[in-house]
Amino acid sequence: MRAVRSDIAFPFRGDRRGRTAHAAYDEHVRDLIEQLLFTSPGERVMRPDFGCGLLDLVFTPNSPELASALELSVQASLQRWLGELIEVESLDVVSEENVVRVYLRYSVRATGSLRDEVFEGSGPA
């Protein structure tokens with residue numbers, strides 16, 4: 001029988017017993033992806049090059065060139081920081097109004113599960 005792995009939930013919070021909330025491994029990996037996508041480079045003290053900085057581009061005018069550059073940048077960040085955990089199957093970054101959406105299909109290497117996720121971040125209202 002295979003043990004179920006769990007990790008600390010993101011965002012950090014307590015559970016109903018007052019202990020640190022946990023998440024199943026696949027959910028934890030999803031949380032790691034979300035942190036990577038919406039962290040701006042320079043935001044983390046010990047890892048200044050961590051992050052994609054997608055929210056910095058919310059109000060940048062859209063263009064096919066920008067979309068291609070964003071997808072390459074996000075793909076490179078995912079490979080660099082989470083390449084041991086996931087394999088990206090497909091990626092699409094869309095910026096509309098003041099919202100950035102990332103459509104990501106990936107497989108979790110440890111469990112073999114294939115996931116389709118949409119990550120959404122918005123600029124200041």
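Select strand 4 (residues 99–108) and strand 5 (114–122): nine bridges join this antiparallel pair. Helices (H or I, at least four residues) and strands (E, at least two) are DSSP runs, numbered from the N terminus, and two strands pair if DSSP finds at least two bridges between them. The model is predicted: local features need pLDDT of at least 70, side-chain atom pairs count only at pLDDT 80 or more, and totals for chains, interfaces and linings use all residues. Residues are numbered from 1 along each chain as its sequence is written, and side-chain values use heavy atoms, with hydrogens and water left out.

Stay on strand 4. Arg-101 faces Glu-120 in strand 5, and Tyr-103 stands opposite Val-118 in strand 5. Five residues separate the two strands in a hairpin, where Gly-112 in the turn has a positive phi of about 75 degrees.

Next, select strand 3 (86–96). Strand 3 is joined to strand 4 by 10 bridges, again antiparallel, and Val-94 stands opposite Arg-101. The hairpin of strand 3 and strand 4 has two residues between them, and Glu-97 in the turn has a positive phi of about 50 degrees.

Now show the three strands together. They form an open sheet in the order 3-4-5 with antiparallel pairing. Strand 3 and strand 5 are the edge strands, each pairing on one side only. Strand 4 is largely enclosed by the rest of the structure, because seven of its 10 residues are buried (under 20% relative accessible area, 1.4 Å probe, protein chains only).

Finally, select helix 1 (residues 25–38), which lies across strand 3, strand 4 and strand 5; contact means heavy atoms within 4.5 Å. Helix 1 runs at about 35 degrees to strand 5; axes are lines fitted to C-alpha atoms, for helices over the stretch in contact, and angles run from 0 to 180 degrees between N-to-C directions.

Methods: Buried < 20%, exposed > 50% of the residue type's maximum accessible area, 1.4 Å probe, protein only.
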